[in-house]
Amino acid sequence: MSSTLHMHGGIGESIKRKEDARFLRGQGHFLDDFVLPRMAHMAILRSPHAHARIKSIDTAAASAKPGVIAVVTGELMAQHKLAWMPTLSGDTQAVLATDKVRFQGQEVAAVIAETKYQAEDARDLIEVDYEILQAITSPDQAKESGSALIRDDKEGQKDNHIYHWESGDKAGTQAAFAKAHKVVRLNTFYPRCHPAPLETCGCIADVDGVTGKATIYMTSQAPHAIRTVFALVAGIPEHQIRIISPDIGGGFGNKVPVYPGYVVATAASLLLGRPVKWVEDRTENLISTGFARDYHMTGDLALDKDGKMLALRVHLDSDNGAFFADAQPSKFKAGLFHIVTGSYDIPTAHVTADGYYTNKAPGGVAYRCSFRVTEASYLIERLVSNAAMEIGMDQAEIRTKNFIQPEQFPYTSATGWIYDSGDYPKAMDVALKQLGYEDLKKDVEARRKKGEVTGIGIASFTEVVGAGPGADYDILGLRMFDSAELRVHPTGKAILKLGVKSQGQGHETTFAQIVAEELGIPAQDVLVMEGDTDNTPYGLGTYASRSTPVAGAATAMVSRKLREKARKLAAHLLEAAEEDLEWERGKFFVKGSPEKFKTIQEAAFAAYTNLPEGMEPGLEGVHYYDPPNMTYPFGTYAVVVDVDKGTGQVKVKRMVAVDDCGVRINPMIVEGQIQGGLTEGYGIAFMELITFDAEGNCIGSNLMDYLIPGSMETPKFEIGQTVTPSPHHPLGAKGVGESATVGSPAAYVNAVIDALSPYGITNIDMPVTSDKVWAALRSKGVTE
Amino acid sequence: MFPAAFDYAAPATLVEALALLKQRGDDAKIMAGGQSLIPMLKLRFAQPALVIDIGRLPAMNGIARHNGHLSIGALARHVDIERNADLAWLCPILVDTVHWISDPLVRNRGTMAGSVCHADPSGDWGSVMLALDASLIARSESGERVIPADGFFQGPFTTTLRPDEIVTEIRIPMPKGPAGGAYNKLERKVGDFATVAVAVHVELSGSKIAKAGIGLTAVGPTNIKATAAEKALVGHEPTDEVIVEAARLAAEAAEPKDDIRGTAAYKKDIVRVYVLRGLRTALGRAREVKA
C-alpha cells in the first residue's frame with residue numbers, strides 16, 4: 001500500500017483499489033448487512049409450473065402461522081393497481097400473478113413475517129390450485145399455429161410474436177449474394193445463460209408512515225432510473241423516493257431491471273408501516289431474474305473468389321420469455337445486434353430479428369455485454385472461422401484480408417454504425433506474435449499426424465459501448481447521458497458524486513484518478529460517492545461498459561470546468577493574467593517563471609478565503625455528459641485446445657488476449673476486468689447453461705447445475721494490449737468491462753472446431769460440453 | 001435456503017446415541033460431517049424431526065490395520081484419508097479417490113462412512129467400497145453386525161442399514177499379493193458430482209489376475225459392482241484383449257440415464273474408456289509393488 005499512497009494516481013498509474021481495504025476485511029456494507037429497527041422479512045411463493053391458470057389461492061393456513069404479519073397475493077396488489085408493472089422494454093410484467101403463471105419461478109404470493117424462518121415456513125402453507133396449460137419453451141414452438149397463447153392478458157395479442165426488427169440494406173444484400181463466388185452459412189444457438197452475481201438481488205423498503213418518504217435499499221446498478229420507474233409505477237412523488245444502492249457484490253446486468261420483489265416489498269412497507277426486507281436465495285436468482293442471450297441465429301457470408309467478404313445476411317429468433325423485459329435502449333428491439341459486421345469491411349448487410357414470448361423467465365439483460373453485442377460478435381467470429389475452413393484459407397489471413405483498415409476510421413458500417421477508431425491488423429499481429437502462431441500451426445499439424453486432437457481458435461472482435469448519444473439512446477424515454485458533481489473543499493480535498501454505480505468495477509479508484517489527472521488533486525484525496533439518489537446527480541447507471549465512456553467523460557469535463565475557475569483564482573493569487581499561466585498537473589505557474597506557481601490546493605483555499613472581486617465563492621461544479629458517439633473497443637483473442645478423444649473433454653492449453661480499449665486509466669483494474677471477462681467467457685463457452693425440459697422446468701436452478709468456472713477450471717491468460725485512443729472521448733478512453741466476455745467465447749469455440757475440423761465437424765453450440773464433443777467425434781467414427 | 005424446524009441432539013457416548021436412535025430412529029437422521037445432510041435440510045428435501053449429531057462420539061475416527069484388514073472409523077474425515085501417509089502405499093486407491101471428493105471445505109468435515117451411508121449413487125466412496133470388497137460394521141442396542149458393501153446399496157439414498165443402527169467402522173481387506181487400484185472420474189468442474197466415475201482394483205498372482213474389483217459411480221440407481229467384468233479378468237493374463245473385453249462388460253453393466261451431464265450412451269462409453277484406463281493404471285501400480 002505504501003507505494004500506492006505516495007503515488008499521485010493520475011491516468012496510467014496502477015494504484016491499488018481504494019475500496020479493497022474494506023472488501024478484503026469483510027467490512028463492506030452489502031444489502032443483507034443492513035438491519036433496520038422493526039424490520040420484517042418477506043418470502044415469495046413462486047410458481048412450480050411454467051404455464052398454468054390459477055384457479056384459487058388459499059392463504060388461511062399461512063396467515064394463521066405464528067409470526068406472520070401479512071400474506072400478499074396478486075388480488076391485493078390489484079386493489080392498489082400494482083398487480084402489473086412496466087418493463088424496461090415497454091411491455092408489462094406481472095408483479096404477483098392474478099390470472100395465469102407464465103414461467104416456472106414466477107411470483108405468485110408473498111409472506112411478510114417477523115423472521116425469515118417464519119416467512120418461509122408460512123410460504124409452504126399457501127395452497128394454490130393450478131390448471132396446467134401447454135408450456136412453450138422455444139421460439140419454434142411459439143410460432144406453431146395453434147400453440148398456447150401466452151400473453152392473453154394483452155389486448156390485441158393474437159400470437160406469441162413480440163416484434164420484428166430490421167437493419168441494413170435488403171435489396172443491396174440480395175444483389176451481392178447473387179454475385180457471390182461462395183456463400184458460407186452458420187446456424188447457431190447462443191444459449192440462455194445467467195449473470196449469476198455472487199450477491200443475489202434484494203431490497204429493504206422502508207416507507208416512513210409520517211412523512212411518506214420511501215427509502216429503499218436496493219441491489220441496483222441503476223438507482224436513479226429505478227427511482228423514476230418507481231415514481232411512475234407506484235405514484236409516489238419522485239422526491240419522496242430515495243434509492244440507496246449500497247456495496248454491490250457483482251451485477252453483470254442482472255441488477256438493472258425492476259423485479260416484482262422490489263415492488264411487493266415496497267407496497268408491503270407502505271401498507272404495514274414497517275421496513276420489509278427481501279433477499280433472494282440462489283435458486284430464486286437463477287430461475288426468475290434477468291437471464292441473457294437465448295438467440296437462435298443464422299448467418300450467411302458471401303465471399304468472392306479471393307476470400308473477400310461481399311455481404312452478410314443474418315436472421316435471428318429471440319426467445320424473450322414470458323414478458324418482454326430486455327434491459328436495452330428503447331429504440332433497438334434486438335439491442336445493438338446490428339454491429340454484427342464486426343471488424344470487417346463488408347460492403348452491405350441485412351439483419352432481421354423476431355422476438356417471441358415463451359414460458360420462460362423474462363430478462364434479456366446484457367450479461368457483461370453491451371445490449372446483444374455479445375451474440376453479434378459470436379456469430380460473425382464463428383462464421384468467419386468457418387468460412388476460412390470452407391475455402392481452405394488460414395483463419396488469421398481471412399481476417400487480415402477483410403479488416404477495416406486503420407486509415408478507414410471513422411468508418412461507417414453497412415448497418416450505419418460510425419466506428420470511432422481502431423487498428424485491427426496491429427492487435428492481430430501482437431496476438432499472433434505472442435502466440436507464436438506460425439510455429440504453433442506446424443506443431444498442430446505434427447500432432448494431428450500422431451492422432452492427437454488439437455486446434456487453434458482466433459476471434460477479432462469489435463464492441464460498441466458507452467451508450468449513448470441522447471438522440472438515439474434512451475430507456476423509457478430517459479436519455480442515456482451520465483453525470484458527475486465535483487466539490488473541492490477549502491483544504492483541497494474533494495468529493496466526486498456520480499450517477500453511475502459500481503458493482504465491483506473499482507469506480508472509487510478509477511474516477512478519483514480522472515480527477516487526479518485533470519484537476520491535479522491526488523487520487524487519495526478524492527472521495528467517490530455513488531448509489532444514493534438523494535445525494536448524487538442523476539444518471540442512467542453502470543452496465544454495458546458505459547461508466548468510463550460516459551460518467552468518466554463527465555468527470556473529466558467537470559474537473560476541467562473547475563480547473564478553469566482555479567486558473568482565475570491562481571491568477572488572482574499570483575497577480576498575473578490568466579493567459580500568462582501554464583498548467584502542469586497540480587499547479588499553475590507563470591510562463592517562463594516556473595518558480596512562481598500556485599498549487600491547486602492553494603487555489604481551492606482561495607475559493608473560500610481570498611476571491612477576486614465579483615467571483616462566486618466555492619469550487620464545485622456538475623457536468624451532464626451526452627456522448628457524441630459510442631466507443632468501439634476491439635481486440636484479438638487466440639486459444640489453443642487439446643481434446644481427449646476418449647471422453648470429449650477439452651483442455652484450454654493457452655489463451656492469448658490482446659485488448660485495445662483506448663487509453664487505460666488504471667491498467668491494473670483494466671487487466672482485472674479482462675481477466676474476469678475471459679473467465680466468464682470461458683464459463684459461457686464451456687459450462688454455463690439455463691435450459692428447460694419439455695414441461696418448462698428450469699434446469700440450472702442452482703450452482704450444482706448452473707456451472708460457473710472456479711480457479712481450477714479457469715485457464716491461464718496471457719494478456720497483451722495495443723492503445724488506439726477514442727478521438728471523441730475527452731480522455732481517449734473506451735469501455736472495457738465487457739470486451740473479454742464479448743470476444744472470448746468465439747475464440748474458445750473456434751479452437752475446438754479447428755481441432756475437430758479434420759473430421760469434418762463444423763459446429764458445436766455452446767456450452768461446448770464433453771458429451772457434445774464426444775458425440776461429434778463418435779459420429780465421425782473417432783474413438784479411443 | 002432455510003431449513004424446516006427440527007430437534008437436535010448431540011449424544012456424548014455411543015450407548016446414548018443408540019438409545020436415542022432406538023427411541024426415535026424412524027424420524028431421525030444421523031449426522032456425522034453434515035456435508036450432504038445440511039444442504040438437504042436447507043433445501044427442505046429432508047425434513048427429519050430429529051438430527052442426531054454423532055460428531056462428538058469418542059474413538060471413532062481411527063485409521064489402522066487389524067487382522068488382515070484396514071479399519072477406518074466412522075468419524076474419519078476425508079481429509080484424514082487424504083493426509084494419512086500409510087494409506088498412500090497401503091491402499092493408494094483411497095488417496096486417488098479422496099482428491100476427487102468435492103473441495104477441501106467438504107473434505108475437512110465430511111466422513112467416508114457418512115458418505116457411504118448417504119448412498120448417493122453419484123457418491124465416490126461407494127464404488128471404491130464395491131471394488132475393494134469392503135464391509136461396514138453396524139451397531140445397535142441389539143448388537144453388532146458386519147454388512148458387506150456388495151448388497152448394502154438398495155437404491156438411491158437407500159441401504160440395508162436399519163433405523164436403529166449406526167455404522168461405526170469400515171473394513172477393507174488387505175490384498176494378499178501385489179495389488180493396485182485407480183479411480184477415474186469425469187466431472188464438469190471441481191467439486192461436481194461425477195458424470196461417470198470408475199473404481200478399479202486388481203491383485204496379481206504371478207502374471208495372472210487373482211482378484212479384480214470394479215465399481216461404477218453415477219450410472220444407475222446405486223453404485224454398481226461390475227461383476228461380469230470382474231469375472232472376465234480373474235485367472236487371466238491382463239492382455240489387451242482381456243482388458244478390452246472387461247471394459248465392454250463393465251459398460252454393459254451400467255444403467256445410466258440421459259440428463260444434463262450427458263446422454264446414457266455417452267456415460268456408458270465413458271465407463272468403457274475409464275475401465276480401460278483404470279485397469280492399465282492399476283496393473284502398472286500392481287507391477288510396481290511386485291518389483
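In this predicted model, the side chains of B:Arg280 and B:Asp240 form a salt bridge, with N and O 3.8 Å apart. B:Arg280 belongs to helix α11 of chain B and B:Asp240 to helix α10, residues 240–253, so the pair ties together parts that are 40 residues apart in sequence. With a relative accessible area of 41%, B:Arg280 is partly exposed, whereas B:Asp240, at 53%, is exposed.

Helix α11 brings me to the interface between the two chains. Here 24 residues of chain B are in contact with 26 residues of chain A. About 2,200 Å² is buried between the chains, and carbon and sulfur atoms give 54% of that area. The rule finds five salt bridges across this interface. In one between the chains, A:Glu784 meets B:Arg277 at 2.4 Å, N to O. Helix α11 of chain B, residues 264–290, supplies eight residues, the largest share of the side of chain B that touches chain A. That side divides into 13 nonpolar, nine charged and two polar residues. Polar contacts between the chains come to 13 residue pairs, counting those with both residues at pLDDT 80 or more.

Let me turn to salt bridges within chain A. Where does the pair A:Arg563 and A:Glu518 lie? The closest N and O atoms of these two residues are 3.3 Å apart. A:Arg563 is in helix α16, residues 547–574, and A:Glu518 in helix α15, residues 507–519, so this salt bridge ties together parts 45 residues apart in sequence. Both partners count as buried: A:Arg563 has 16% relative accessibility, and A:Glu518 has 8%.

A second pair, A:Glu438 and A:Lys441, has its closest N and O atoms 3.7 Å apart. These residues are three apart in helix α14, residues 437–449 of chain A, and therefore about one helical turn separates them. A:Glu438 is partly exposed at 49%, and A:Lys441 is partly exposed at 27%. Over all chains, the count by this rule is 85 salt bridges.

Finally, the nonpolar cores. In soluble globular proteins, nonpolar side chains tend to be buried together. The largest core here has 139 residues, and A:Phe337, A:Phe686 and A:Tyr748 touch the most other members. Helix α19 of chain A, residues 739–756, gives the most to this core, with eleven residues. Beyond its neighbours within four places in sequence, A:Tyr748 contacts several residues, among them A:Val639, A:Met655, A:Tyr682, A:Phe686 and A:Phe717. A second, separate core of 54 residues includes B:Leu14, B:Leu18, B:Ala197 and B:Ala199.

Technical notes
Residues numbered from 1 in each chain as written. Chains lettered and ligands numbered in written order. Predicted model: local features only at pLDDT ≥ 70, side-chain atom pairs only at ≥ 80, totals over all residues. Heavy atoms only, no water. Core = buried A, V, L, I, M, F, W, Y, C linked by side-chain atoms within 4.5 Å. Buried < 20%, exposed > 50% of the residue type's maximum accessible area, 1.4 Å probe, protein only. Helix = DSSP H or I, 4+ residues; strand = E, 2+ residues; numbered from the N terminus. Contact = heavy atoms within 4.5 Å. Buried area = accessible area lost by both parts, 1.4 Å probe. Salt bridge = Lys/Arg side-chain N within 4 Å of Asp/Glu carboxyl O. Polar contact = N/O pair within 3.5 Å; in protein donor to acceptor, adjacent residues only side chain to side chain. Nonpolar A, V, L, I, M, F, W, Y, C, P; charged D, E, K, R; others polar.
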